[in-house]
Amino acid sequence: MKLIEKIKNGKFDFEDAVKLYDMELFELGVEANEIREKKFGKKTYFNINRHINPSNICKDVCKFCAFSAHRKNPNPYTLSIEECVKIAKNAYLHNAKEVHIVSAHNPNVGYDYYMDIVKEIKKEIPDIHIKAFTAAEVNFFSELSGKNYKEVLEDMIQAGVDSMPGGGAEIFDERVREKICKGKVSSQRWLEIHEYWHKLGRKSNATMLFGHIENRSHRIDHMLRLKELQEKTNGFNAFIPLVYQRKNNYLKVENFLTGIEILKTIAISRILLENIPNIKAYWVTTTLNLSLVAQNYGANDIDGTIEKESINSAAGAASKNGLDLKELVNLIKDSGYIPVERDSLYNEIRIY
Ligand code: V47
């Protein structure tokens, strides 16, 4: 049986999935695009959102991170709760439907600081969707407060968190993880936290950081672990392959990805993760141009306007000031797709 048939029938093993990378990009594109068009036609989703990063002081040391305050980025900051609320209010006035809150793991501010940011934003702007706190943060909150994961997640819901972002997943392979982010939430725990969250009836996303010291097998392993959890919970809305950005950090990387390898990875994720509805080519790390091309290779979402981006831009991505809505809409249109503004749970708000 042809490889792609085996994959489509679901009768494949790990080695088969790795062999997908040996297929020509164009062939993978045809297969991925077929799935994409069956699900979404020519629609490409985006949202109007605002990233808020409350602090860059971190107790963890991830070698790929250029955002946290360290020798190469000696600018520690911690926003007050009032400042976070002000940013959210201003974004709401400019039509944002979502705030995406992710912080470094700052032990000095206390557990309540994080919950209060959410509570206060929700109190002032009950309509805005709060996508907040990665599983890495949940793990850190648990250490900080002595509460177990379930209690932390319940507190988050109580405070007003609507969904969880997909950060902190990095690469699940334990040996690679040990080299790039020793001491951070383990892969097993990352998955466990999302499983609990899904069992509480909530949705989340899942990322994968690639293009550093991992290999193709590690990426496939990562995707298959997500596929397995999704079979159990159906709680993931989107898979987001994040392309490693190389500046201002301590990870020694010898070979960087080609555009072909990035597109192959996106296409393979669309093929393997048929049970995760959306594949996001996050324009921040994929670059805008390649994200537009990725629409032909399985991606149906390119994230949003963001307004201000600090994590990936610190490592070299051209995303510091987000993206203008009109430009985003026109770029999607000019590339032959239909721009659709969505909310955070993928309900359609406006078709352009
Ligand atoms: O977890 C850190 C990554 C993530 C680098 O869920 C880097 O909708 C590339 O998770 N090069 C945070 N990536 C961003 C994130 C995210 C973004 C957009 C949407 C969603 C969503 C989630 O950024 C971190 C880490 O994996 N990251 N440093 C770097 N040098």
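Select residues 49-52, which form strand β2 in this predicted model. Strand β2 contributes three residues to the lining of the largest pocket, and no other element gives the most: that place belongs to β2.

Next, show the pocket itself. The volume of the largest pocket is about 360 Å³. It is lined by 18 residues, and those closest to its centre are Asn53, Phe67, Tyr77, Lys308 and Ser310. Colour the lining by class: eight residues are polar, six are nonpolar and four are charged.

Move on to the second largest pocket, which holds about 210 Å³ of space. Select Ile48, His94, Thr305, Glu307 and Leu323; of the 13 lining residues, these are the closest to the centre of the second largest pocket. The lining here has six polar, five nonpolar and two charged residues.

Now select residues 43-47, strand β1. Is this strand mostly covered or mostly uncovered? Strand β1 is mostly covered, with four of its five residues buried.

Keep β1 on screen and add residues 338-342, strand β9. The two strands pair in the parallel sense, over four bridges. To see one position along this pairing, pick phenylalanine 46 in the viewer and look across to glutamate 341 in β9, which stands opposite.

Then add residues 301-304, strand β8. Strands β1 and β8 run parallel and are joined by two bridges. Which residue of β8 is the bridge partner of tyrosine 45? The partner is aspartate 301.

Last, show the side chains of β1. In a regular strand, side chains alternate between the two faces of the sheet.

Conventions: Residues are numbered from 1 along each chain as its sequence is written. This is a predicted model: local features need pLDDT of at least 70, side-chain atom pairs count only at pLDDT 80 or more; totals for chains, interfaces and linings use all residues. Side-chain values use heavy atoms; hydrogens and water are left out. On a 1 Å grid over the protein atoms alone, a cavity is a set of points where a 1.4 Å probe fits but cannot get out, and a pocket is an open set with protein on both sides within 12 Å along at least five of seven lines; lining residues have an atom within 4 Å of a point. Grid points are joined across faces, edges and corners, and a volume is the space filled by probe spheres set on the points. Ala, Val, Leu, Ile, Met, Phe, Trp, Tyr, Cys and Pro count as nonpolar, Asp, Glu, Lys and Arg as charged, and the others, Gly among them, as polar. Buried means under 20% relative accessible area, exposed over 50%, partly exposed in between (1.4 Å probe, protein chains only). Two strands pair if DSSP finds at least two bridges between them.
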